[in-house]
Amino acid sequence: MVSYNKLWKMMIDCGLNKTQLREKAGITTNAIAKMGKGEKVSMDVLIKICTALNCNIGDIIDVLPQK
């Protein structure tokens, strides 16, 4: 499982909504929707987000232990 809570908090801190993030990072609405449901997205999507927000992957996701 993956948690994107760090990303959502960073977006709030930066004053970005999901549409603005999608446009800034050049990612699809499908990728945003998957992240909203806590589903996995490609490394390419994560790298685009990190590039757009000038951060590292660990700043936007947490990998949760399997139950």
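Q: Before we start, what does contact mean here, and which residues does serine 3 contact beyond its neighbours within four places in sequence?
A: Contact means heavy atoms within 4.5 Å. This is a predicted model. Leaving aside neighbours within four places in sequence, serine 3 is in contact with Ile60, Ile61, Asp62 and Leu64.

Q: Where does serine 3 sit, and is it buried or exposed?
A: Serine 3 is in strand β1, which covers residues 2-3. Serine 3 has a relative accessible area of 12%. Buried means under 20%, so serine 3 is buried.

Q: Which side chain does the side chain of serine 3 make a polar contact with?
A: The partner is the side chain of asparagine 5, at 3.3 Å.

Q: Let us turn to the core. How many residues does the largest nonpolar core have, and which have the most contacts inside it?
A: The largest nonpolar core has 23 residues. Those with the most contacts inside it are Tyr4, Leu7, Met35, Ile49, Leu53 and Ile60.

Q: Which elements give two or more residues to this core, and which gives the most?
A: Two or more residues come from each of α1 (5-14), α2 (18-25), α3 (29-36) and α4 (43-53). The most come from α4, which gives six residues.

Q: Which residues of α4 are buried, then?
A: The buried residues in α4 are Val45, Leu46, Ile49, Cys50, Ala52 and Leu53. They lie on the same side of α4, because they cover an arc of only 165° around the axis.

Q: And what covers them?
A: The cover over the buried residues of α4 includes α1, α2 and α3.

Q: Taking leucine 53, what does this residue touch, not counting residues up to four places away in sequence?
A: With residues up to four places away left out, leucine 53 touches Leu7, Met10, Leu16 and Leu21.

Q: Now α1. Which of its residues are buried, and which are exposed on the other side?
A: Leu7, Trp8, Met10 and Met11 are the buried residues of α1. They fall within an arc of 160° seen down the axis, so they line one face of the helix. On the other side of α1, the exposed residues are Asn5, Lys9, Ile12 and Asp13.

Q: What do the buried residues of α1 pack against?
A: They pack against α2, α3 and α4.

Q: A different topic: how many aromatic pairs does a search of the whole structure find?
A: The search finds one aromatic pair. The rings of tyrosine 4 and tryptophan 8 have their centres 6.4 Å apart, and their planes are at 55°, so the pair is tilted.

Q: Is tyrosine 4 buried or exposed?
A: Tyrosine 4 is buried, because its relative accessible area is 3%.

Q: How many disulfides does the structure hold?
A: The structure holds zero disulfides. Cysteine 50 is in no disulfide, and its nearest cysteine sulfur, that of cysteine 55, is 4.0 Å away.

Q: Why is there no bond between the sulfur of cysteine 55 and that of cysteine 50?
A: A disulfide needs the two sulfur atoms within 2.5 Å. The sulfur of cysteine 55 is 4.0 Å from that of cysteine 50, and is therefore too far for a bond.

Q: Are cysteine 50 and cysteine 55 buried or exposed?
A: Cysteine 50 counts as buried, at 6% relative accessibility. Cysteine 55 also counts as buried, at 14%.

Q: What happens at the N-terminal end of α2?
A: Asparagine 17 caps that end of α2. One of its side-chain oxygens lies 3.0 Å from the backbone nitrogen of threonine 19.

Q: Which residues just after α1, α2 and α4 have a positive phi?
A: Just after α1, glycine 15 takes a positive phi of about 75°. Glycine 26 follows α2, with a positive phi near 70°. Asparagine 54, just after α4, has a positive phi of about 55° although it is not a glycine.

Q: What is the usual sign of phi for residues other than glycine?
A: Most residues other than glycine have a negative phi.

Q: Where is asparagine 54, and is it buried or exposed?
A: Asparagine 54 is found in the loop between α4 and β2 (62-63). Asparagine 54 counts as exposed, at 72% relative accessibility.

Q: Finally, where is alanine 33 found, and what is its relative accessible area?
A: Alanine 33 is found in helix α3. Its relative accessible area is 35%, so alanine 33 is partly exposed. The C-alpha atoms of alanine 33 and lysine 18 are separated by 9.4 Å, and the two residues are 15 residues apart along the chain.

Conventions
Residues are numbered from 1 along each chain as its sequence is written. This is a predicted model: local features need pLDDT of at least 70, side-chain atom pairs count only at pLDDT 80 or more; totals for chains, interfaces and linings use all residues. Side-chain values use heavy atoms; hydrogens and water are left out. Helices (H or I, at least four residues) and strands (E, at least two) are DSSP runs, numbered from the N terminus. Buried means under 20% relative accessible area, exposed over 50%, partly exposed in between (1.4 Å probe, protein chains only). A polar contact is a pair of N or O atoms within 3.5 Å; within protein, one must be able to donate a hydrogen and the other to accept it, and residues adjacent in sequence count only if both atoms are side-chain atoms. A nonpolar core is a set of buried Ala, Val, Leu, Ile, Met, Phe, Trp, Tyr and Cys residues joined through side-chain atoms within 4.5 Å. The arc is that of the directions from the helix axis to the C-beta atoms. Rings of Phe, Tyr and Trp (its six-membered ring) pair if their centres lie within 6.5 Å; planes under 30 degrees apart count as stacked, over 60 as edge-to-face and the rest as tilted.
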